[in-house]
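These are my notebook entries on a single structure. I record below what I looked up and what I found.

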Amino acid sequence: MAFLNHNGRTICYRLLGDSNKPLMILAHPLGMTQGVWDDMLPSLLNRFRVLTWDLPGHGASAAWPEDAGEITPDDLANEALALAQTAGATGFHFAGTSIGGVIGQHLVAEYSDMLISATLTNTGAIIGTPEAWNLRATNVRRKGLAAMAGEIVPRWFGPIACKDQPALQDGWEIIMGRGDDNSYALLCEMLGRADFRGKLQGRNVPLLLIGGSEDLATPPALLKALAQFSGSAEPVILEDIGHVPSVECPSLLSELLKKNLA
């Protein structure tokens, strides 16, 4: 674990593996931490140098300052770019899930020259509605993440993962409850504003889209629409998988990443 001071905030990240291998940067979903990638690391490190980080107010990264205003996709993309610079990389592979996929879309739209490839999982060009995200932001600020986790986390995982790992939801509810309420709320509001329709065509970045058949948060239809908006191939839809394939089927997701980038 390491730390980077960036624009007045401290970012927690991990940089693992051989510096001679190509860099892959991984971005985690909203309400989670860079720990979502842990079970994929042994496989990925055979092919890549891997960098993961915690989003604002998540894990061990500092909260978004109260006086800093809204968070934008560009803010988060620039965290990834600053971390790539710290790693000494002039280009990198990127993979992100959910809000991590929103970061990836912004990198494709605005910084495609830095990308070797992008894998976007369980995300969409638009996710939900501004009204729904603003309501969640209001509730989180009023009730707190610890109180809200019990109604949010059950939407993340498919029934098979929950059966195989009986404590899975409980564990992630604890982790989510430790996050910073305001940072989470600001990210909700960002998702309500984000719209990448019309911004992803012609960027010349190899793009792999992956979804889960049991994903309640970003169902397969969103990935199929994203494929149309981006001009990419049809998404790979993983059967019996929910919103977080890096947790539910890490070996399969690792193999898809490596196969796509062979």
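**Helix H8**

I began with H8 of this predicted model, where the buried residues are Asn-182, Ser-183, Tyr-184, Ala-185, Leu-186, Leu-187, Cys-188, Met-190, Leu-191 and Gly-192. The helix is thus mostly covered, with 10 of its 13 residues buried. I then looked up what covers these buried residues, and found that the cover includes H2, H3 (99–110), H4 (130–143), H5 and H7. I also checked the length of H8: at 1.5 Å a residue, its 13 residues should span 18 Å, and the end C-alpha atoms are 19 Å apart, which agrees.

**Helix H2**

I turned next to H2, which is among the elements covering H8. H2 comprises residues 73–86, and its 14 residues should span 20 Å at 1.5 Å a residue; I found the end C-alpha atoms 20 Å apart, in agreement. I listed its buried residues as Pro-73, Leu-76, Ala-77, Glu-79, Ala-80, Leu-81, Ala-82, Leu-83 and Ala-84. After H2 comes Gly-88, for which I noted a positive phi, near 80 degrees.

**Helix H7**

Which residues of H7 are buried? In this helix (residues 168–177) I found Leu-168, Trp-172 and Met-176 to be buried. Viewed down the axis of H7, the buried residues fall within an arc of 60 degrees, so they line one face of the helix. This is in keeping with the general geometry: an α-helix has 3.6 residues a turn, so residues three or four places apart point the same way. I recorded H5 (145–152), H6 (159–164), H8 (181–193) and H10 (245–248) as the helices against which the buried residues of H7 pack.

**Aromatic rings**

A search for aromatic pairs gave 1 in the structure. The ring centres of Trp-156 and Phe-157 are 6.1 Å apart and the planes stand at 85 degrees, so I entered the pair as edge-to-face. Trp-156 is buried at 5% relative accessibility, and Phe-157 is buried with a relative accessible area of 5%. Elsewhere I noted the charged end of Lys-199 over the ring of Phe-196, 5.5 Å from the ring centre.

**His-243**

I located His-243 in the loop between strand E8 (236–238) and H10. Is His-243 buried or exposed? His-243 is buried, its relative accessible area being 4%. Not counting residues up to four places away in sequence, His-243 touches Thr-97, Ser-98, Asn-122, Arg-155, Trp-156, Asp-215, Ala-217, Thr-218 and Glu-248. I also noted Leu-216, which is 27 residues from His-243 in sequence and 7.1 Å from it in space, C-alpha to C-alpha.

**Arg-14**

I found Arg-14 in strand E2 (residues 9–16), buried at 17% relative accessibility. With neighbours within four places in sequence left aside, its contacts are Met-1, Gln-34, Gly-35, Asp-38, Leu-41, Val-50, Leu-51 and Thr-52. For Asn-46, 32 residues from Arg-14 along the chain, I recorded a C-alpha separation of 16 Å.

**Cysteines**

How many disulfides does the whole structure hold? My search found 0. I examined Cys-249 in particular: the closest cysteine sulfur, in Cys-162, is 13 Å from that of Cys-249, too far for a bond. Cys-249 is buried, with 11% relative accessible area. I entered Cys-12 as buried too, at 0% relative accessibility.

Note on methods
Residues numbered from 1 in each chain as written. Predicted model: local features only at pLDDT ≥ 70, side-chain atom pairs only at ≥ 80, totals over all residues. Heavy atoms only, no water. Disulfide = S-S within 2.5 Å. Buried < 20%, exposed > 50% of the residue type's maximum accessible area, 1.4 Å probe, protein only. Helix = DSSP H or I, 4+ residues; strand = E, 2+ residues; numbered from the N terminus. Expected span 1.5 Å × (residues − 1). Arc of directions from axis to C-beta. Contact = heavy atoms within 4.5 Å. Phe/Tyr/Trp six-rings, centres within 6.5 Å; stacked < 30°, edge-to-face > 60°. Lys NZ or Arg CZ within 6 Å of the ring centre and 35° of its normal.
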